[in-house]
Amino acid sequence: MTIRINDMEIFTMDAHTHMGRRATPLGHGVASFLGDELVRNLDEAGIDRAVAFPLGASATDYSEANRIIAEEVAKQPERIIGFCRINPNFGPQATVKSLDHFLGTHKLKGIKLHPEIEFFDPNEEALMDPVYDAARRYGVPIIFHTGMSNKASPGVIAELAARHKDVPVILGHMGVSEYVKLAVAVARQHENIFLETSVVGWMPLLLEAFRGVGTSKVLFGSDHPYNPLPMERDKIAVHVGRAAKLTENDFKKIFSSNLLSLLKSS
């Protein structure tokens with residue numbers, strides 16, 4: 001496995017993919033995508049491992065979706081790292097029960113939250129403190145979708161993340177486009193906030209992120225299956241790499257070691 005960048009072989013981990021089944025494909029055109037398909041696509045792209053969490057479905061508590069993630073990880077434990085997905089609107093007790101079950105019993109390695117699809121405020125203490133507490137208890141990171149709405153603004157997410165300094169917080173898509181500058185700013189201000197590269201497509205914004213926080217705080221992600229893995233891989237390995245003059249050590253950080261340091265026991 002591994003990808004090749006010039007003459008370098010770089011062990012590669014994708015910090016942002018999805019798996020699961022849902023009744024309708026929603027706007028992304030994906031209703032079912034499971035581990036065999038993910039691993040086949042990873043192989044084709046030369047990517048060694050991937051974090052995967054459930055497809056979005058706003059009216060669910062994700063219990064069935066998280067169970068599927070755990071099952072798929074058990075089939076491919078060397079390739080897939082499972083994160084559970086939480087809808088905080090079901091209340092703090094349901095949140096604690098779900099996180100204890102999927103982080104504790106099933107040993108999933110992180111938490112995914114999507115303030116826009118699940119429509120909650122990521123700075124509402126009553127909803128979010130149980131999530132941060134569980135992340136601390138199990139030693140796992142939280143990844144938020146960021147961008148596309150005020151609820152998913154990096155600045156709003158940072159309000160509570162700044163209070164939970166020992167919990168790693170990953171800003172998925174690092175704000176997409178309209179919030180990239182803000183994502184860079186809060187990642188500079190707070191040691192526990194990291195940026196993930198998927199979806200961002202404009203080179204000046206990508207370079208602003210890399211130059212603004214350095215390669216130690218950036219994680220490669222694809223948002224697969226919504227985005228093609230080779231496209232997202234080459235965005236960083238070829239285009240950003242050339243424009244930002246990234247070194248072998250930089251590539252190693254972005255493509256694996258930064259994520260590994262957050263996953264700890266994975």
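**Helix packing and sheet order in a predicted model**

Modeller: In this predicted model, the buried residues of helix H7 pack against helix H6 (180-189), E11, E12, H8 and H9.

Colleague: Which residues of helix H7 (residues 203-213) are buried?

Modeller: A residue counts as buried when its relative accessible area is under 20%. In H7 the residues that meet this condition belong to the face that packs against H6, E11, E12, H8 and H9. The buried residues are Leu205, Leu206, Leu207, Ala209, Phe210, Gly212 and Val213.

Colleague: What is the phi of Gly214, just after H7?

Modeller: Helix H7 covers residues 203-213, and Gly214 comes just after H7. Its phi is positive, at about 85°.

Colleague: How are helix H8 (residues 229-243) and helix H9 (residues 248-263) oriented, roughly parallel or roughly antiparallel?

Modeller: The axes of H8 and H9 come within 12 Å and cross at roughly 165°. Angles over 145 degrees count as roughly antiparallel. Therefore H8 is, with respect to H9, roughly antiparallel.

Colleague: Which residues make the contact of H8 with H9?

Modeller: H8 passes H9 in a right-handed crossing. The residues of this contact divide into 5 nonpolar, 1 polar and 1 charged. From H9 come Phe251, Ile254 and Phe255, and from H8 come Arg233, Ile236, Ala237 and Gly241.

Colleague: How are helix H3 (residues 92-105) and helix H4 (residues 125-138) oriented, roughly parallel or roughly antiparallel?

Modeller: H3 and H4 pack at an angle of about 20°, with their axes 9 Å apart. Angles under 35 degrees count as roughly parallel. H3 is therefore, with respect to H4, roughly parallel.

Colleague: How many residues of the contact of H3 with H4 are nonpolar, polar and charged?

Modeller: H3 passes H4 in a right-handed crossing. H3 contributes Pro92, Thr95, Val96, Leu99, Asp100, Leu103 and Gly104, while H4 contributes Ala126, Pro130, Val131, Ala134, Arg137 and Tyr138. These residues divide into 9 nonpolar, 2 polar and 2 charged.

Colleague: Why does Tyr132 count as buried?

Modeller: Tyr132 has its place in helix H4. Leaving aside residues up to four places away in sequence, Tyr132 touches Ile142, Phe144, Ile157, Leu160, Ala161, His164, Val167 and Val169. Tyr132 counts as buried because its relative accessibility is 0%.

Colleague: Which strands are the edge strands of the open sheet of 6 strands?

Modeller: The order of the sheet is E7-E8-E9-E10-E11-E12, with parallel pairing. An edge strand pairs on one side only. The edge strands are E7 (84-85) and E12 (218-219).

Colleague: What is the bridge partner of Leu171 in E11?

Modeller: Strand E10 (residues 169-172) pairs with strand E11 (residues 193-196) in the parallel sense, over 3 bridges. In E11, the partner of Leu171 is Leu195.

Colleague: Which residues of E11 point the other way from Ile193 and Leu195?

Modeller: In a regular strand, side chains alternate between the two faces of the sheet. In E11, Ile193 and Leu195 point one way, and all four residues, on either side, are buried. The residues that point the other way are Phe194 and Glu196.

Note on methods: Residues are numbered from 1 along each chain as its sequence is written. This is a predicted model: local features need pLDDT of at least 70, side-chain atom pairs count only at pLDDT 80 or more; totals for chains, interfaces and linings use all residues. Side-chain values use heavy atoms; hydrogens and water are left out. Axes are lines fitted to C-alpha atoms, for helices over the stretch in contact, and angles run from 0 to 180 degrees between N-to-C directions. Helices (H or I, at least four residues) and strands (E, at least two) are DSSP runs, numbered from the N terminus. Angles under 35 degrees count as roughly parallel, over 145 as roughly antiparallel, 65 to 115 as roughly perpendicular and the rest as oblique. A crossing is left-handed if the near helix is turned anticlockwise from the far one by less than a right angle, and right-handed if clockwise. Contact means heavy atoms within 4.5 Å. Ala, Val, Leu, Ile, Met, Phe, Trp, Tyr, Cys and Pro count as nonpolar, Asp, Glu, Lys and Arg as charged, and the others, Gly among them, as polar. Two strands pair if DSSP finds at least two bridges between them. Buried means under 20% relative accessible area, exposed over 50%, partly exposed in between (1.4 Å probe, protein chains only).
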